Amino acid sequence: MKHKTKIRLGFSEFSKKLYVDTKNKILTELNASEKDWNNPKWQLKNRISDVSEISNYINLTDEEYENIKDVSETYRFAITPYYFSLIDFENPNCPIKLQSIPNIKELDESGQLDPMNEEQSNPSGKITRRYPNKLIINVTNACPMYCRHCQRRRLIGGFDKNTSKRAIDESIDFIKNNPTIREVLITGGDALLLSNKRLKEIFNKLSGIDHVEVLRIGTRTLATLPFRINDELAVLLRKYRVNISTQFNHACEITPEAVQAIDTLVDHGILVRNQMVLLHNINDDKYCIQKTNEELQKYRVIPYYLFHPKDIKGTKHFQVDISKGLEIMKHLEGRTSGMCKPTYVYNSPLGLGKVPLVPMENIEHDENGYKFTTWENKIVKKDYME
Ligand SMILES: *Cc1c(COP(=O)(O)O)cnc(C)c1O
Ligand code: SF4
């Protein structure tokens with residue numbers, strides 16, 4: 001109870017005030033209306049993508065200005081006005097700011113561009129395949145906002161580009177010719193940057209393949225551009241029974257706008273699951289992870305994965321020790337609803353797939369049998385001979 005009140009929520013009066021204040025400043029600056037604001041196209045067209053635009057809304061020191069400019073020459077940035085309006089510039093560790101505003105630490109040269117060797121798991125078109133019965137099609141490299149911790153930075157090139165029709169058709173042909181594939185993940189970038197018309201064509205072709213049983217969309221629009229989600233999209237997703245996986249990393253991203261988007265999807269029967277990334281200074285705290293997952297459950301999003309951050313160049317400052325992740329998972333046991341518990345996973349290098357990391361210290365096994373440690377640190381024995 002004591003820790004709970006310290007975690008910023010998207011629904012708090014504090015967050016709502018920040019949002020309204022910055023939103024009004026932006027609307028005035030751009031001479032735009034409330035209707036514009038709620039229009040996803042307007043949001044995309046007016047992304048904040050240059051340091052001079054940031055300085056329209058907050059005072060940057062000369063050093064901050066130069067740093068943002070330097071970093072953006074290597075790793076571009078773009079922030080929807082919506083997401084930008086959630087930033088608390090008074091807090092150096094504001095989770096929204098850390099995820100969206102370039103940081104000089106990104107220029108650290110350590111880490112790899114493609115530790116999971118995704119390039120090597122590309123059998124055809126724009127496919128990434130590492131598993132026998134499921135694969136990914138990357139339909140675009142664009143996202144509404146470029147997350148500073150993005151694990152696919154190498155794909156986020158200098159400009160936004162949707163995958164060509166030809167490459168998507170090639171990918172679909174590959175799936176057609178490989179009857180073991182039962183699930184297709186349509187992702188990017190952010191798959192919901194494609195128009196409904198384009199999505200429909202893709203769903204239609206894929207669902208026409210007998211062995212394809214499930215379609216899944218990867219999108220972060222619920223957090224970065226919630227206005228993209230409307231009834232028309234939800235009806236389309238329902239028609240093809242598409243699953244959604246999204247990414248909320250902190251409770252302050254779960255705003256009234258985000259929840260409206262979630263409600264639209266869930267009310268149409270769409271399953272929404274969350275893939276959180278464990279990120280230093282953003283959410284590497286057991287109470288923060290607990291509260292964020294509880295907020296997700298409250299608003300009908302199923303906590304799915306907690307990803308251990310990969311060793312990606314430009315994201316070293318977000319790295320967390322595995323022991324920290326295990327401690328968080330151990331904390332969740334017994335202290336919150338089982339439905340608020342994601343699976344903590346590590347993405348193996350070289351494309352060897354995801355490995356669930358469970359707190360191994362809970363299990364002791366020797367020639368006498370098993371000993372388990374419960375969440376209250378009580379020892380229980382199974383098949384144990386003394
Ligand atoms: C993560 C991933 C999937 C989906 O895995 P799930 O555990 O089913 O969410 C599929 N293909 C690739 C290449 C992946 O990295
Ligand atoms: S939405 Fe996903 S792919 Fe896009 S920048 Fe963020 S983490 Fe990367």
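This is a walk through a predicted model, starting at the ligand and moving out to a few local details.

Let's begin with ligand 1, which sits in the largest cavity. Two strands, β2 and β7, are the elements that give two or more residues to the shell around ligand 1; β2 spans 134–138 and β7 spans 302–307. Residue by residue, ligand 1 is surrounded by Thr128, Arg130, Tyr131, Lys134, Ile136, Leu185, Arg216, Tyr304, Tyr305 and Lys354.

Which side chains put a polar atom close to an oxygen of ligand 1? Here are three to look at. Tyr305 has a polar side-chain atom 2.5 Å from an oxygen atom of ligand 1. For Arg130, a side-chain N or O atom is 2.7 Å from a ligand oxygen, and for Arg216 the corresponding distance is 2.8 Å. As for how well wrapped the ligand is, the protein covers 90% of the 380 Å² of accessible area that ligand 1 has on its own.

Lys354 deserves its own stop, since UniProt has something to say about it. The unreviewed entry carries the annotation "modified residue: N6-(pyridoxal phosphate)lysine" at Lys354. In the model, Lys354 belongs to strand β9, residues 354–356, and Lys354 is also among the residues surrounding ligand 1. Is Lys354 buried, exposed or partly exposed? Its relative accessible area is 31%, so Lys354 counts as partly exposed, because that class lies between the 20% and 50% cut-offs.

The same unreviewed UniProt entry type also gives a "binding site" made up of Cys143, Cys147 and Cys150. Cys143, Cys147 and Cys150 are included in the lining of the largest cavity, and that cavity is where ligand 1 sits. Cys143 falls in the loop between β2 and α8, with α8 running over 165–176, and Cys150 lies in the loop between β2 and α8 too. Cys143 has a relative accessible area of 13%, so it is buried. Cys150, at 19%, is buried as well, because the cut-off for buried is under 20%.

Now for some loops. His211 is found between α9 (196–207) and β4 (214–218). With a relative accessible area of 18%, His211 is buried, and its side chain reaches the backbone oxygen of Asn178 at 3.2 Å. Val301 lies in the loop between α13 (286–298) and β7. At 2% relative accessibility, Val301 is buried. Val301 and Ile244 are 57 residues apart in sequence, and their C-alpha atoms are 9.9 Å apart in space.

A few backbone details are worth a look before you finish. The peptide bond from Gly188 to Gly189 is cis, with omega near 15°, and Gly189 sits in the loop between β3 (183–187) and α9. Arg241 has a phi near 50°, a positive value in a residue other than glycine. Where is Arg241? You'll find Arg241 in the loop between α11 (231–239) and β5 (243–246), where it is exposed at a relative accessible area of 60%. Asn377 also has a positive phi, near 65°, in a residue other than glycine. Asn377 lies in the loop between β11 (369–373) and β12 (379–382), and with a relative accessible area of 53%, Asn377 is exposed.

Conventions: Residues are numbered from 1 along each chain as its sequence is written. Chains are lettered from A and ligands numbered from 1 in the order in which they are written. This is a predicted model: local features need pLDDT of at least 70, side-chain atom pairs count only at pLDDT 80 or more; totals for chains, interfaces and linings use all residues. Side-chain values use heavy atoms; hydrogens and water are left out. UniProt positions are given in the numbering used here, feature names are shortened, and annotations may be inferred rather than shown by experiment. On a 1 Å grid over the protein atoms alone, a cavity is a set of points where a 1.4 Å probe fits but cannot get out, and a pocket is an open set with protein on both sides within 12 Å along at least five of seven lines; lining residues have an atom within 4 Å of a point. Helices (H or I, at least four residues) and strands (E, at least two) are DSSP runs, numbered from the N terminus. Buried means under 20% relative accessible area, exposed over 50%, partly exposed in between (1.4 Å probe, protein chains only). A residue is near a molecule or strand if one of its heavy atoms lies within 4 Å of it. A polar contact is a pair of N or O atoms within 3.5 Å; within protein, one must be able to donate a hydrogen and the other to accept it, and residues adjacent in sequence count only if both atoms are side-chain atoms. Accessible areas come from the Shrake-Rupley method with a 1.4 Å probe; for residues, only the protein chains shown count as cover. A molecule sits in a cavity or pocket if more than half of its atoms lie within 2 Å of its grid points.
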